[in-house]
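Okay, shall we get going? I have one structure to walk you through, and I'd like you to have it open while I talk.

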Amino acid sequence: MPLPAHGRPVEDVLRDLDALAADDKDFRGGRTFGLVFHVDAQFERAIHAAHDRFLWHNALSVDAFPSLRQMQADVVDIATSLMGGEAVVAAGGEAAGFMTSGGTESILLAVEGAKVRARRDRGIERPNIVLPTSAHAAFDKACSYFSLESRRVAVRDDWRADVDAMANAVDDDTVLLVGSAPQYPQGVVDPIPAIAAIAAERGISCHSDACMGGFVLPFLERLGATIPPWDFRVEGVTSISADLHKYAYVPKGASVLIHRSKALRRDHTFLFDGWLGGVYGSSGILGTKPGGPIAAAWASLQLLGADGFATQVGRAVEVRERLVAGVRGVPGLDVVGEPEATMAAIYSPDASVDVFAVHDLLSGRGWHLDRQGPPDSLHATCTPVQVDVVDDLVADIADAVTHLSGARTEDRSTRYSSF
Ligand SMILES: *Cc1c(COP(=O)(O)O)cnc(C)c1O
C-alpha cells in the first residue's frame, strides 16, 4: 500500500483498523485456545489504563524514568518470591533478575549467560546444551543466534524428560541443561530435581523454563495440587523464565528471567563504552524498551493479588479438566499423557479420527487451536475466560468427529507460529 499523500481523519483510520480485524479470531469470547490470555472485560479495562499511562515511556534509560526501574524491581521481586526465592535467601544467597520482552528473550539470555559462564569458568569454546525434545523451540533459536550445539533428547513414554538419556548426552562441553514446568506440547512438568542434580554435580547451568507455569504452579500448589518441585527450592536450578504476558494476563511484551545469583545475571548483561554516543548498558536484547508492558505487569500483580491469581488459576484448570473429560468422552479421541496444569493435547490413539481434519472444521467455526506433532495432535492452552465456552468447544469437537466419519485431510502441516 502506498503512503497516503495526505493525512486521513482519525475516524477513517480507526474504521479501517476495525475492518482489518474482522477476520481475526475472537479472543475476548474465548475462541483462541492459545496466543491470548484473557480474564474478563473489567480486568482488561484496568490493564488498559495502566498500560496507557506508560505507553510512551522508554525503559532504555531508567535514569530518566525511575518509575520503570522501581516497577521492574517490584515485578522481579514478587516473581522471585513466588518461585522459591526464600530458599536462595535461606542459603545466604541473593536471586536477581530482569524483566524481558517475552519468553524467547528470557531463554536467549539464559543460554547466552550459560555460554559466557562456562567459557570463563571452564574454558569451554565449543559449547552444547542438552534438552528434551519437548523444550521450547526458542532454545534452538538461542543456539542458532549464539553458536551453541543443541542436543535434543527424546522424552519418555509419559512425555516427561528422560533424565538418564539426558545424562548420557552430557559431555565436558555441556554448558546448560533444560527442563520445563510445564513443557508446552503436552503440558506435563519435567523431573527438574533429577535434571538439576546432574547439572549441579558437573558445575553446569540448569534452566527451569516456567514460561507457562511460573504464575500458575505456585497457585496450583496453594490450591492443594501436588506439583513436583521446579523452582529455586531445587538446588542446582540456576535460572528460571516466567512469562507475565501469559498467566499474569499482561499484554504482550512482558516476561522475567531470574537467576540464583547476581553473578549469574551479570553473565548476559551488556556494557560497551567504545561508542561516541556514550556508555551503552543493557539488561537484554532490546535497546529501546517499551514502558507499557512493565506498568501493565506491575498493575496486574497488584490488581489480582495472591487470591486473585488462585481464582484465575482455578478457572483455567477447570477449563483444562472439562476439556480433557469432554474429549475423553468422544469416541476415537483422547488426550496425550496426563497434563498437570492448564494445557492439553488432543489426539486419536487408534488414528480413527484425523485431528487435523477436526482442526479445520473447528477453525471454520471460529476456534483457534494449534496443529502440532508428532504425534498429530491439537494443542489447547486454557485460560480463565474460557469457563463459559469450553463446553461449546467440546460439543463442536464431537460434532466434527461425527461429521467427518473417518475422513482425512491431505494437509499434514503443523503450525505453532508463522510470519
Ligand atoms: C511461550 C513459551 C515460551 C516462549 O515464550 P514467548 O513469550 O512466546 O517468546 C517458552 N517456553 C514455554 C514453555 C512457553 O510456553
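I'll go through one bent helix and its partners, then another helix pair, and then a few backbone oddities.

Just so everyone has it in mind, this is a predicted model.

Let's begin with α11, which runs over residues 292-328. How far apart are the end C-alpha atoms of this helix? They're only 42 Å apart, and for 37 residues a straight helix at 1.5 Å a residue would reach 54 Å. If you're wondering where the bend is, α11 has a kink of about 85°, and Gly305 sits at its centre.

Now, who packs against α11? One partner is α3, residues 66-82, with an axis 9 Å from that of α11 and an angle of about 45° between the two. An angle like that falls outside the ranges for roughly parallel, roughly antiparallel and roughly perpendicular, so α3 and α11 count as oblique to each other. As for handedness, the two helices cross in the left-handed sense. On the α3 side, the contact uses Leu68, Met71, Gln72, Asp74, Val75 and Ile78. Facing them from α11 you'll find Ile294, Ala295, Ala297, Trp298, Leu301 and Gln302. Sorted by class, that contact comes out as nine nonpolar residues, two polar and one charged.

Another partner of α11 is α13, residues 390-404. Here the packing angle is about 20°, with the axes 9 Å apart. The cut-off for roughly parallel is under 35 degrees, so α11 and α13 get that label. Left-handed or right-handed, this crossing of α11 and α13? It's right-handed. From α11, the residues involved are Val319, Arg322, Leu323, Gly326 and Val327. They meet Val390, Asp391, Leu393, Val394 and Ile397 of α13. The class split for α11 with α13 is seven nonpolar, one polar and two charged.

Okay, leaving α11 behind, here's the other pair. Helix α5 covers residues 103-122 and α6 covers 138-146; they pack at about 50°, and their axes are 9 Å apart. By that angle, α5 and α6 are therefore oblique as well. The crossing of α5 past α6 is right-handed. What does each side bring to the contact? From α5 it's Thr104, Ile107, Leu108, Val111, Glu112 and Lys115, while α6 supplies Ala138, Phe139, Lys141, Ala142, Tyr145 and Phe146. In class terms, the α5 and α6 contact holds eight nonpolar residues, one polar and three charged.

Last bit: the backbone. If you're setting up torsions, which peptide bonds should you look at? One is Ala181 to Pro182, which is cis with omega near -10°. You'll find Pro182 in the loop between β4 (174-180) and α8 (192-202). Another cis bond runs from Gly373 to Pro374, with omega near 0°. Pro374 is in the loop that links β12 (370-372) and β13 (377-381).

And one for the Ramachandran fans: Leu35 isn't a glycine, yet its phi is positive, at about 75°. Leu35 sits in a loop too, between α1 (10-20) and α2 (41-53).

That's my tour, so over to you for questions.

Terms used
Residues numbered from 1 in each chain as written. Predicted model: local features only at pLDDT ≥ 70, side-chain atom pairs only at ≥ 80, totals over all residues. Heavy atoms only, no water. Helix = DSSP H or I, 4+ residues; strand = E, 2+ residues; numbered from the N terminus. Expected span 1.5 Å × (residues − 1). Bend = angle between axes of the 7 residues up to and from the residue. Axes fitted to C-alpha atoms, helices over the stretch in contact; angles between N-to-C directions. Parallel < 35°, antiparallel > 145°, perpendicular 65-115°, else oblique. Left-handed = near helix turned anticlockwise from the far one by under 90°. Contact = heavy atoms within 4.5 Å. Nonpolar A, V, L, I, M, F, W, Y, C, P; charged D, E, K, R; others polar.
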